[in-house]
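Reader: Could you take me through one part of this model in detail, the place where chain B meets chain A? I'd like to know what sits on the chain B side.

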Amino acid sequence: MFRLDELVARLGGVLVGDAGVVVRRVATLEQAGEGDLAFLANRKYLPQLQRSAASAVILAPDARDLLVDRPRIVAPDPYLYFARVAQLFNPVPAPQAGIHPLAAVACAVPPSAEIGPGASLEEGVELGEDVVVGAGCHIGRGTRIGRGTRLAPRVTIYHGCVVGDDCIIHAGAVIGADGFGFAREKSGRWVKIPQVGRVVIGNDVEIGANTTIDRGALDDTVIGDGCKLDNQIQIAHNVHIGACTAIAGCVGIAGSTRIGARCMIGGQAGLIGHLSICDDVVISAGTLVSKSITQPGVYTGSVPLQRHADWVRNFSHLRRLDALAERVRTLEHGHDGRNDRKPD
Amino acid sequence: MFRLDELVARLGGVLVGDAGVVVRRVATLEQAGEGDLAFLANRKYLPQLQRSAASAVILAPDARDLLVDRPRIVAPDPYLYFARVAQLFNPVPAPQAGIHPLAAVACAVPPSAEIGPGASLEEGVELGEDVVVGAGCHIGRGTRIGRGTRLAPRVTIYHGCVVGDDCIIHAGAVIGADGFGFAREKSGRWVKIPQVGRVVIGNDVEIGANTTIDRGALDDTVIGDGCKLDNQIQIAHNVHIGACTAIAGCVGIAGSTRIGARCMIGGQAGLIGHLSICDDVVISAGTLVSKSITQPGVYTGSVPLQRHADWVRNFSHLRRLDALAERVRTLEHGHDGRNDRKPD
Amino acid sequence: MFRLDELVARLGGVLVGDAGVVVRRVATLEQAGEGDLAFLANRKYLPQLQRSAASAVILAPDARDLLVDRPRIVAPDPYLYFARVAQLFNPVPAPQAGIHPLAAVACAVPPSAEIGPGASLEEGVELGEDVVVGAGCHIGRGTRIGRGTRLAPRVTIYHGCVVGDDCIIHAGAVIGADGFGFAREKSGRWVKIPQVGRVVIGNDVEIGANTTIDRGALDDTVIGDGCKLDNQIQIAHNVHIGACTAIAGCVGIAGSTRIGARCMIGGQAGLIGHLSICDDVVISAGTLVSKSITQPGVYTGSVPLQRHADWVRNFSHLRRLDALAERVRTLEHGHDGRNDRKPD
């Protein structure tokens with residue numbers, strides 16, 4: 001529970017209206033009621049602003065007078081301000097320090113750390129202060145986990161990896177499994193290449209549920225500081241990801257590809273191996289990236305959906321687009337007799 | 001082991017032929033032998049009907065006389081009838097009531113529930129009668145699980161969620177992890193938005209192995225009664241799915257999208273965020289849904305595969321389809337001089 | 001640590017230069033230093049060869065004289081040779097025989113097997129010699145695991161399945177969950193079809209982290225000897241995969257599809273159900289396979305990515321490609337009056 005002037009004292013922004021109003025919760029404009037603080041981050045929700053029952057609203061400077069009958073906090077980025085208020089209202093609970101009797105711990109553990117039931121920590125694991133290891137997690141020998149990092153239940157981290165400070169890793173994530181590396185005999189039989197690199201994860205990284213990050217073959221797989229990875233992402237061996245890159249769910253990144261800083265990769269996108277993607281690239285959802293990208297910008301390669309019957313009619317031509325183009329060239333040649341170069 | 005007349009007494013249908021024949025198992029036409037009950041659900045398996053060694057067959061009314069030398073059960077939907085017979089032959093085993101000594105249980109548990117080894121249930125968890133919690137599952141504080149629901153081993157359900165009655169959740173599924181919600185600072189740094197909504201799952205829902213369903217940001221993520229979700233599906237925060245919708249493996253659904261009732265979504269399809277899909281929509285496998293759908297029907301947006309060399313030749317034109325269309329327009333203009341409107 | 005002549009004595013190849021040089025590690029040309037053995041498997045890394053600080057290099061016969069100042073091992077396939085050297089340098093650790101006191105074991109276990117903390121093995125499980133069951137694994141009743149197979153932590157294998165000898169299964173994999181089989185009532189309600197088949201996995205198979213392989217509906221799901229499956233692959237019920245087929249991450253294979261031997265399937269590819277793919281087929285990354293393939297070769301069906309603005313301009317035409325083709329036909333008809341057949 002905070003008074004509006006308390007919020008502004010902590011988080012900045014300009015308060016317009018009754019500074020003593022007390023808010024208990026953050027909420028969307030639509031769901032907000034008495035005691036709630038809502039926000040307008042996008043003009044498309046403007047109709048909801050007038051109808052909202054929120055006790056106060058966070059607005060951008062150019063929207064400050066769109067609502068005049070209630071107190072407002074004016075901030076340059078209302079969504080970012082909302083995020084900070086939400087953190088104030090929902091602080092991360094402190095670790096419940098101690099080792100559960102049903103955990104199997106073969107290493108030293110700082111007294112401030114929390115080790116849940118069914119967790120197993122092998123020899124030589126090093127945990128920082130305030131680390132939380134959820135129920136049923138497994139951490140392999142020699143892995144280091146930095147201060148304040150929280151593992152949800154059932155996370156697996158193989159041996160010899162490094163996780164930085166203040167990370168969050170969600171349930172079912174697997175860090176440091178063997179990369180997919182095999183050499184092929186003439187017979188077709190595959191010979192396994194031992195995967196002796198590590199996974200090295202920076203500080204302030206969040207990793208989603210059931211995401212997998214493979215250890216390097218000879219060198220390391222590296223996830224930079226501040227990266228945010230959603231659920232069910234697959235990151236192959238020797239991938240490097242730059243700082244503050246955000247990757248949405250179900251993305252697959254093949255081996256040895258390097259991604260720059262501050263990129264955003266949409267859901268179900270795929271990147272083939274051995275590519276180099278520069279900083280500040282945005283990849284749209286469902287796009288297969290099959291070549292390196294050297295210029296910042298937005299890149300897309302998905303297919304529009306249609307009613308199935310229309311799709312059948314239109315997409316059948318994809319199988320013979322070259323023939324269609326050739327026919328257009330023929331028409332162009334015949335048409336005026338001049339155009340005898342191949343136009344593409 | 002059932003006599004055919006016992007089956008018909010329980011499940012309906014018309015029996016033609018020897019009512020006293022005993023069947024021990026259901027089987028496909030191809031694998032069936034003495035003592036097996038097979039079914040013909042699709043005319044493409046007609047050649048297998050004559051060859052089958054099944055002791056009896058389930059047939060549709062219009063197929064009842066395609067086989068005359070063996071007893072038949074005639075039912076309007078042989079596949080549905082087969083499903084019900086298969087349930088009779090393979091009843092779900094009763095829970096082995098009790099709490100395994102290697103489980104960590106911090107809540108009250110009904111005597112009829114089964115809690116496997118390595119499971120951990122936090123404070124305030126509420127389980128209905130006959131719930132099965134498999135080995136190594138984790139259920140966070142305050143989550144409620146309805147009567148008769150079965151969790152396979154290694155399911156994780158975070159705190160404060162709701163699962164209805166008679167659900168099945170397969171191994172590795174993660175329910176209620178944080179949604180992917182961040183606000184971005186000018187520097188590119190991401191600020192986490194606490195995810196304070198829940199996951200609310202209806203009755204009679206099945207959830208496949210390693211599927212993930214994120215908790216809502218402020219509101220809830222909702223899965224309707226009777227939904228069937230296959231393996232490795234990712235459902236983001238605040239998604240709503242209507243009753244009896246079936247979703248095949250590897251589908252990704254981005255945040256806040258709403259899907260109607262009785263939809264069917266093919267494998268590896270993707271839905272971007274904030275869409276609205278009406279009832280009774282069918283999405284083909286591999287289709288990216290990038291806009292809302294307001295009419296029932298089948299929608300598709302995938303690419304036909306070809307031999308690689310043909311694909312290279314044909315798909316290179318996709319990068320300059322606009323130029324090709326422009327050239328056709330130019331030809332049309334020049335051709336008869338009349339056509340001076342843009343035809344598309 | 002090996003002398004070069006020891007390596008050649010064990011693994012073959014022709015040694016050129018000082019036979020007594022000792023190597024301690026394998027490394028890439030780029031990272032190699034004193035005491036390292038590097039390899040040149042691809043001519044595109046030729047510039048790195050001269051710069052490399054490696055103590056010795058593995059070269060193909062036609063490259064043997066590209067480097068003359070250091071000892072070389074000449075072998076027909078340097079990458080394959082490297083794989084075997086890497087196995088020599090990084091032997092698989094022997095199992096730490098015994099059952100951890102926090103494991104729940106309801107079956108007989110050979111003395112040579114290692115059962116980690118939190119693992120649960122139900123009645124009738126059969127393990128071969130030297131099997132490793134990692135922390136938190138679950139093996140259902142009656143499942144058999146062959147000699148030398150290693151399960152990483154948190155693998156789930158349901159009841160009644162078979163895994164061959166010398167397999168590796170990575171963390172979070174789920175073997176034998178129910179296939180996605182339902183019959184639909186007129187109301188839209190789904191009736192579950194009990195999944196009573198098994199998963200049968202051959203020898204020398206590797207299965208990646210969080211990969212899922214469903215049990216058969218009536219028959220079995222079968223993975224052939226020597227198959228290599230990467231992370232987050234979904235294999236549906238009744239799929240059959242031939243020997244030595246390799247499948248990259250995030251691939252989905254729908255029910256009852258049969259894949260031949262020695263196929264290679266690229267990342268994020270999808271195969272719809274009930275297909276038949278012959279031996280020696282290569283599917284490119286991101287390709288949706290929607291029909292059977294009867295000839296070996298490389299098949300592709302992905303979309304080239306572009307800058308978003310270019311994509312919008314070009315891909316809008318996909319929705320009306322049929323109309324564009326029709327306009328070309330019209331132009332052809334009018335153009336010379338002869339061409340009155342539909343050209344495609």
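Author: Here is a walk through that interface, with a short look at the sheet in chain B and the symmetry afterwards.

Some ground rules: this is a predicted model, where local features need pLDDT of at least 70 and side-chain atom pairs count only at pLDDT 80 or more, while totals for chains, interfaces and linings use all residues. Residues are numbered from 1 along each chain as its sequence is written, chains are lettered from A and ligands numbered from 1 in the order in which they are written, and side-chain values use heavy atoms, with hydrogens and water left out.

Let's start with the contact itself. On chain B, 79 residues touch 68 residues of chain A (contact means heavy atoms within 4.5 Å). Together the two chains bury about 5,900 Å², and carbon and sulfur atoms give 60% of that; buried area here is the accessible area (1.4 Å probe) lost when two parts are put together, summed over both. On the chain B side, Phe180(B), Trp190(B) and Arg327(B) lose the most area to chain A, together 12% of what that side buries.

Now for the polar side of things. Between the chains there are 33 residue pairs in polar contact, both at pLDDT 80 or more (N or O atoms within 3.5 Å; within protein, one must be able to donate a hydrogen and the other to accept it, and residues adjacent in sequence count only if both atoms are side-chain atoms). The elements that give two or more residues to this side of chain B include strand E20 (174-177), strand E38 (297-300), helix H4 (308-315) and helix H5 (321-336), in DSSP runs of at least four residues for helices (H or I) and at least two for strands (E), numbered from the N terminus. H5(B) makes the largest share, seven residues.

Five salt bridges cross the interface (a side-chain nitrogen of Lys or Arg within 4 Å of a carboxyl oxygen of Asp or Glu). One pair in a salt bridge is Asp322(A) and Arg313(B), at 3.2 Å, N to O.

The backbone joins in too: strand E39 (306-307) of chain A runs antiparallel to E38(B), joined by two bridges (strands pair if DSSP finds at least two). There, Gln306(A) stands opposite Thr300(B).

Back inside chain B, eight strands form an open, parallel sheet in the order E12-E15-E18-E23-E26-E29-E32-E35. Strands E12 (126-127) and E35 (276-277) are at its edges with a single partner strand each, so one side of each is left without a neighbour in the sheet.
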